[in-house]
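Let's walk through this model together, asking at each step how a label was earned. Have the structure open as you read.

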Amino acid sequence: MAIQNLETHFQEKVDQEIKIEPKDWMPDAYRQTLIRQISQHAHSEVVGMLPEGNWVTRAPSLKRKLALLAKIQDEAGHGLYLYSATETLGISRSELIDQLHSGKAKYSSIFNYPTLSWSDIGAIGWLVDGAAIMNQVALCRTSYGPYARAMVRICKEESFHQRQGYDILLTMCRNSETQRQMVQDSVNRWWWPSLMMFGPNDSESPHSAQSMKWKIKRVSNDDLRQRFVDMTVPQAEILGIKLPDPELKWNEERKHYDFGNIDWDEFWRVVNGHGPCNKSRMEARIKAHEEGEWVRDAAMAYAEKQAERQDVQSKIQYS
Ligand code: FAQ
């Protein structure tokens, strides 16, 4: 089939909501966009473990420590599903990890902010996982089959994360005024970076139009951000917390909350490597990868031995 016909047939499938699977023909740019987006997502899950890992030894009770450990392990799992989904597009895991470590691949800007207090762990669960779910529920309908299927499972786990974060904050807000103020301080610091997670405004987003046409993205950056604000304001009221935006107010005509301008200079500074923790996050990630080399070597040696054994057994069986 001529390339033009292949492209038409591909777009027809996408338009009819037929999932694209790894062995199907796809335009190279579609493949590259998916590799970029899914691997960025995988890297975000893995780097996202670091700010929380910082608090495992300081969680205030055994119950909180268990929930935090489980959450961090879930995030490692999400990274693994997403790396596997990316590998179906013809790139190896080691290439993807090299791209992260060399600074070529991005990961979510949010993980370059520090976790200064226990209530930051609650704020990450409530706001960061809340923003992540808003984006990821839409991605359950993305056009690439392996990505869509990974997202279904990830979303179930993310909603548990969001609930546990909110529960931390609700408990603190009800405990004492001092703890409520700690929560307020965390929300003041995490609110705007959480809004930035959805990416640049639609008019400034270079990939959006094509990704929407290919149905990789199902809802635009700005629409998801608005949904997140609308969902979060009533939750903040229950906590008794003020969101740090003097322009935030209900717009009866639009039936949405209006909110203030995002500091896009800060966003790009952080994305381009100059946030408060970019350097330490990457150093920690590279160190963990290097220290894990013996585990990867042992797993490979074991897998090779198993394969040899199976080979010998099947030769005995069929001789
Ligand atoms: N940070 O044209 P667009 C989580 C980049 S998972 C850094 O709009 P696109 C779980 C973008 O890559 C959080 N870079 O791009 C968890 C592009 O750069 P490039 C991660 C960003 O792809 C919770 C450029 O700006 N979730 O949190 C960001 O169409 C708690 C232009 O932007 C996902 O990755 C950003 N925030 O839309 C773990 C979801 N935003 O590549 C632990 C999947 C934009 O041209 C604890 N990804 N950029 O150099 C997506 O939905 C999309 O990729 C967007 C960006 C919406 C993030």
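**How the labels are earned**

Lys215 counts as buried, because its relative accessibility is 18% and buried means under 20%. Keep in mind that this is a predicted model.

Q: Where is Lys215, and what makes its backbone worth a look?
A: Lys215 sits in the loop between α9 and α10. Its phi is positive, about 60 degrees, although Lys215 is not a glycine.

Q: Why is Glu17 called partly exposed?
A: Glu17 has 42% relative accessibility. Buried means under 20% and exposed means over 50%, with partly exposed in between, so Glu17 counts as partly exposed. Glu17 is found in the loop between α1 and α2, and it too is a non-glycine residue with a positive phi, of about 65 degrees.

Q: Why is Phe228 called buried?
A: The relative accessibility of Phe228 is 0%. Buried means under 20%, so Phe228 counts as buried. This residue lies in helix α10.

Q: What does Phe228 touch, leaving aside residues up to four places away in sequence?
A: Its contacts are Leu127, Gly130, Ala131, Met134, Trp191, Ser194, Leu195 and Phe198. Ala131 is 97 residues from Phe228 along the chain, and their C-alpha atoms are separated by 6.3 Å.

Q: How do you know that the span of α10 is close to the expected one?
A: Helix α10 covers residues 221-239, which is 19 residues, and reaches 27 Å from its first C-alpha to its last. At 1.5 Å a residue, 27 Å is expected.

Q: Where does α10 bend, and which proline follows?
A: The bend is at Thr232 and amounts to about 25 degrees. Pro234 follows within four residues.

Q: Which residues of α10 are buried, and what covers them?
A: The buried residues include Leu224, Phe228, Val229, Thr232, Val233 and Ala236. Among the elements covering the buried residues of α10 are α6 (118-139), α7 (145-175), α8 (177-196) and α11 (264-274). After α10 comes Gly240, with a positive phi near 80 degrees.

Q: Why is His101 called buried?
A: His101 has 18% relative accessibility. Since buried means under 20%, His101 counts as buried. His101 belongs to helix α5, residues 93-101.

Q: What does His101 touch, and what covers the buried residues of α5?
A: Not counting residues up to four places away in sequence, His101 touches Met282, Arg285, Ile286 and His289. Besides His101, the buried residues of α5 are Leu96, Ile97, Gln99 and Leu100. Their cover includes α2 (28-47), α4 (62-87) and α12 (278-291). Just after α5, Gly103 takes a positive phi of about 85 degrees.

Q: Which residues come nearest to the ligand?
A: Of the 35 residues around the ligand, Gln40, Lys106, Ser205, His207 and Lys217 come nearest.

Q: What makes the pairings with Gln40, Ser205 and Ser109 polar contacts?
A: A polar contact is a pair of N or O atoms within 3.5 Å. An oxygen atom of the ligand is 2.6 Å from a side-chain N or O atom of Gln40, so this pair qualifies. For Ser205, a ligand oxygen atom is 2.8 Å from an N or O atom in the side chain. For Ser109, a ligand nitrogen atom is 2.9 Å from a polar backbone atom. Taken alone the ligand exposes 1,100 Å², and the protein buries 93% of that.

Note on methods: Residues are numbered from 1 along each chain as its sequence is written. This is a predicted model: local features need pLDDT of at least 70, side-chain atom pairs count only at pLDDT 80 or more; totals for chains, interfaces and linings use all residues. Side-chain values use heavy atoms; hydrogens and water are left out. Helices (H or I, at least four residues) and strands (E, at least two) are DSSP runs, numbered from the N terminus. Buried means under 20% relative accessible area, exposed over 50%, partly exposed in between (1.4 Å probe, protein chains only). Contact means heavy atoms within 4.5 Å. The expected span of a helix is 1.5 Å times one less than its number of residues. The bend at a residue is the angle between axes fitted to the seven residues ending there and the seven starting there. A residue is near a molecule or strand if one of its heavy atoms lies within 4 Å of it. A polar contact is a pair of N or O atoms within 3.5 Å; within protein, one must be able to donate a hydrogen and the other to accept it, and residues adjacent in sequence count only if both atoms are side-chain atoms. Accessible areas come from the Shrake-Rupley method with a 1.4 Å probe; for residues, only the protein chains shown count as cover.
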